[in-house]
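Let's take a walk through this protein together. Have a look at the model first, and then we'll go from one spot on its surface to the wider picture.

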Amino acid sequence: MKKDNTTIQDELRPEYDLKSLQVRKMGPERKHFGEFVVQLEPDVAEAFPDASSVNEALRFLMRLTKESKEVCPHIDSDT
């Protein structure tokens with residue numbers, strides 16, 4: 001069988017440089033682009049509608065922990 005030597009006409013404009021695009025893989029092998037990814041368990045994820053609400057709750061917990069150490073310095077956080 002002979003190969004067809006026809007050329008495909010490129011209909012894209014010259015300013016669309018497809019060679020510079022990065023392809024993101026889907027699934028667990030995908031690359032992360034500079035941010036940490038934390039996967040929440042389903043029961044925890046139900047309580048938080050988005051990432052900002054998770055951050056707000058964790059910051060609140062951090063503040064409470066810091067304040068409790070200031071009020072009761074004899075309490076050891078390692079136990």
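**A patch and a pocket**

Start with V38, L40 and V44, which together make a nonpolar surface patch of about 250 Å². Keep in mind that what you're looking at is a predicted model.

Let's stay with L40 for a moment. Going along the chain, you'll find L40 in the segment before helix 1, and that helix covers residues 42-45. Is L40 buried or exposed? Neither label quite fits: L40 has a relative accessibility of 35%, so it counts as partly exposed. To be called buried, a residue has to be under 20%, and to be called exposed, over 50%. Patch residues need over 30% relative accessible area, and the 35% of L40 satisfies that.

Now for the pocket. Which residues line the largest pocket? They are F36, V38, L40, V44, F48, D50, A51, V54, N55, A57 and L58. You've met some of these names already: V38, L40 and V44 are the patch residues, and they're also part of this lining. The space in the largest pocket comes to about 310 Å³.

What sort of residues are these? Nine in the lining are nonpolar, while one is polar and one is charged. As for where they come from, helix 2, running over residues 51-71, gives the largest share of the lining, with five residues.

To see how parts of the chain come together here, pick two lining residues, L40 and V54. In sequence, L40 and V54 are 14 residues apart, and from C-alpha to C-alpha they sit 9.9 Å apart in space.

Finally, step back and take in the whole thing. The protein has two helices and zero strands. How much of it is buried? Of the 79 residues in the protein, buried ones make up 3%. The accessible surface adds up to about 8,800 Å², and carbon and sulfur atoms account for 56% of that.

Key:
Residues are numbered from 1 along each chain as its sequence is written. This is a predicted model: local features need pLDDT of at least 70, side-chain atom pairs count only at pLDDT 80 or more; totals for chains, interfaces and linings use all residues. Side-chain values use heavy atoms; hydrogens and water are left out. On a 1 Å grid over the protein atoms alone, a cavity is a set of points where a 1.4 Å probe fits but cannot get out, and a pocket is an open set with protein on both sides within 12 Å along at least five of seven lines; lining residues have an atom within 4 Å of a point. Grid points are joined across faces, edges and corners, and a volume is the space filled by probe spheres set on the points. Helices (H or I, at least four residues) and strands (E, at least two) are DSSP runs, numbered from the N terminus. Ala, Val, Leu, Ile, Met, Phe, Trp, Tyr, Cys and Pro count as nonpolar, Asp, Glu, Lys and Arg as charged, and the others, Gly among them, as polar. Patches are made of residues with over 30% relative accessible area and no salt bridge: like charges are joined within 9 Å, nonpolar side chains (Val, Leu, Ile, Met, Phe, Trp, Tyr) within 5 Å. Accessible areas come from the Shrake-Rupley method with a 1.4 Å probe; for residues, only the protein chains shown count as cover. A salt bridge is a side-chain nitrogen of Lys or Arg within 4 Å of a carboxyl oxygen of Asp or Glu. Buried means under 20% relative accessible area, exposed over 50%, partly exposed in between (1.4 Å probe, protein chains only).
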